[in-house]
Amino acid sequence: MRITMLGTGAAFPDPDRAQSGILVTLDNGRNYLFDCGAGITRNMVRANVSPADVAAVFLTHLHHDHICDFPLFVITGWMWDREDSPTVVGPRGTAHFCRCLFEGGAFKADFEARSHYQRRQTNLAAVRPKVFECEPGIAYQDEHVTIHCDWVEHIPRQISECFGIRFEAEGKSIAFSGDTAPCDAMVRLAQDADLLIHECTFPQSFIEHRRKSGVGIYAHTSPRELGDIAARANVRRLVPTHFGHFDCTHPLIKRVAAHHLPVEQMGPHLMDEVVRDIRQRYNGPLQLAADLFRIDL
């Protein structure tokens with residue numbers, strides 16, 4: 001099994017990271033995608049995987065940095081001769097999101113232009129996603145994989161449900177948090193997992209700054225809290241991801257972040273602080289995620 005981190009950033013466009021996206025490739029070549037933020041389709045191609053060859057997509061929640069590349073992913077699969085409907089699993093609202101995109105939706109003109117050609121008429125299923133809105137429990141299963149999910153604590157559930165997942169295949173298990181504050185659900189999903197990929201959006205001081213300022217969501221997991229989750233779950237390997245540009249030195253990013261982050265503290269040195277804080281609670285194998293970083297299980 002191969003895991004490719006297609007995107008390891010958060011909501012801001014980041015010159016060094018695409019937004020959230022993880023590709024799991026089984027030994028038989030079957031692909032599964034978790035989240036589809038900006039830049040994911042391009043990085044998938046860079047990783048030599050066609051969007052037409054992805055069996056199923058799981059959207060952990062409907063924030064833009066987890067879904068905004070989805071139209072490009074689907075349309076590219078259509079143009080690259082995908083024959084079947086893409087399977088999409090996600091929270092309540094996923095069906096509405098998909099209905100608003102293609103035929104009669106935001107990309108209606110693109111759909112009508114391309115479907116004028118006979119070759120594109122033969123595979124219209126490729127732009128008609130097969131959507132399953134999930135509940136806690138088994139969210140998806142085929143002859144190769146089982147995906148369990150549970151609610152995690154990121155934003156109020158009445159606004160948008162947010163899920164963490166556990167992916168099981170080939171005798172291995174991977175847990176992925178999506179976005180969340182620390183919660184027992186992630187400890188359960190990650191219990192004894194071979195790999196935990198977990199959000200680590202901000203250091204604790206940045207989370208506190210957002211909480212006190214009232215600007216932006218602060219329901220994220222700090223490095224120290226992440227170390228505690230990994231230790232309690234007894235995971236065999238930990239990969240923090242979804243870094244919220246706190247390490248960025250780009251002048252534009254720092255300027256636009258000034259209203260919600262302590263920009264005078266931003267910089268690559270904070271990654272060392274992230275590792276130190278995780279290590280206070282977790283002493284297993286640890287690697288910070290980067291775009292196109294590959295993990296073999």
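**Notes on the predicted model: contacts, cores, cavities and cysteines**

1. K130 touches S85, P86, T87 and V88, leaving out residues up to four places away in sequence. The model is a predicted one. K130 sits in strand β6, which covers residues 130-133. Its relative accessible area is 45%, so K130 counts as partly exposed. One of its partners, V88, is 42 residues away in sequence. In space, the C-alpha atoms of K130 and V88 are 6.0 Å apart.

2. Next, helix α3. This helix spans residues 70-79. Of its 10 residues, 8 are buried, so α3 is largely enclosed by the rest of the structure. The buried residues in α3 are F70, P71, F73, V74, I75, T76, G77 and W78. Just after the helix, D81 has a positive phi of about 70°. That residue deserves a look in the backbone view.

3. W78 belongs to α3. Is W78 buried or exposed? It is buried, because its relative accessibility is 1%, under the 20% cut-off. Setting aside neighbours within four places in sequence, W78 is in contact with D110, F111, R114, S115, R120, N123, L124, A126 and V127. V24 is another matter. W78 and V24 are 54 residues apart along the chain, and 21 Å separates their C-alpha atoms.

4. A52 lies in the loop between α1 (40-46) and β4. It counts as buried, because its relative accessibility is 14%. Not counting residues up to four places away in sequence, A52 touches G77, W80 and R82. G77 is also one of the buried residues of α3. P86 is 34 residues from A52 in sequence, and their C-alpha atoms are 8.5 Å apart. P86 also appears among the residues that K130 touches.

5. Now the nonpolar cores. The largest has 66 residues. Which residues have the most contacts inside it? They are I3, F34, F58, F167 and L196. Beyond its neighbours within four places in sequence, L196 is in contact with A175, M186, A190, L226, I229, A230, V235, R237, L238 and V239. Another core, of 26 residues, lies apart from the largest one. Its members include C36, W78, F102 and V127. W78 and V127 are also in contact with each other.

6. How many cavities of 30 Å³ or more does a search of the whole structure find? The search finds 2. The largest holds about 40 Å³ of space. Its lining consists of I22, V24, F34, I165, F167, I174, F176 and I197. The elements that give two or more residues to this lining are β2 (21-25), β9 (163-169) and β10 (172-176). By class, the lining has 8 nonpolar residues, no polar ones and no charged ones. F34 and F167 in this lining are also among the residues with the most contacts inside the largest core.

7. The second largest cavity has a volume of about 30 Å³. Y32, L33, F34, A56, V57, F58, V89, Y140 and I147 line it. Two elements, β3 (31-34) and β4 (54-58), give two or more residues to this lining. The class count is 9 nonpolar, no polar and no charged. F34 appears in this lining and in that of the largest cavity. F58 lines the second largest cavity and is one of the residues with the most contacts in the largest core.

8. Cysteines close the note. How many disulfides does the structure hold? The count is 0. C149 is in no disulfide, and its nearest cysteine sulfur, that of C134, is 3.9 Å away. The cut-off for a disulfide is 2.5 Å between sulfur atoms. C149 is buried, with a relative accessible area of 4%.

9. C200 is a separate case. Why is the sulfur of C200 not bonded to the closest cysteine sulfur? That sulfur belongs to C183 and is 15 Å away, too far for a bond. C200 is buried too, at a relative accessible area of 0%.

Key: Residues are numbered from 1 along each chain as its sequence is written. This is a predicted model: local features need pLDDT of at least 70, side-chain atom pairs count only at pLDDT 80 or more; totals for chains, interfaces and linings use all residues. Side-chain values use heavy atoms; hydrogens and water are left out. On a 1 Å grid over the protein atoms alone, a cavity is a set of points where a 1.4 Å probe fits but cannot get out, and a pocket is an open set with protein on both sides within 12 Å along at least five of seven lines; lining residues have an atom within 4 Å of a point. Grid points are joined across faces, edges and corners, and a volume is the space filled by probe spheres set on the points. Helices (H or I, at least four residues) and strands (E, at least two) are DSSP runs, numbered from the N terminus. Ala, Val, Leu, Ile, Met, Phe, Trp, Tyr, Cys and Pro count as nonpolar, Asp, Glu, Lys and Arg as charged, and the others, Gly among them, as polar. A nonpolar core is a set of buried Ala, Val, Leu, Ile, Met, Phe, Trp, Tyr and Cys residues joined through side-chain atoms within 4.5 Å. Buried means under 20% relative accessible area, exposed over 50%, partly exposed in between (1.4 Å probe, protein chains only). Contact means heavy atoms within 4.5 Å.
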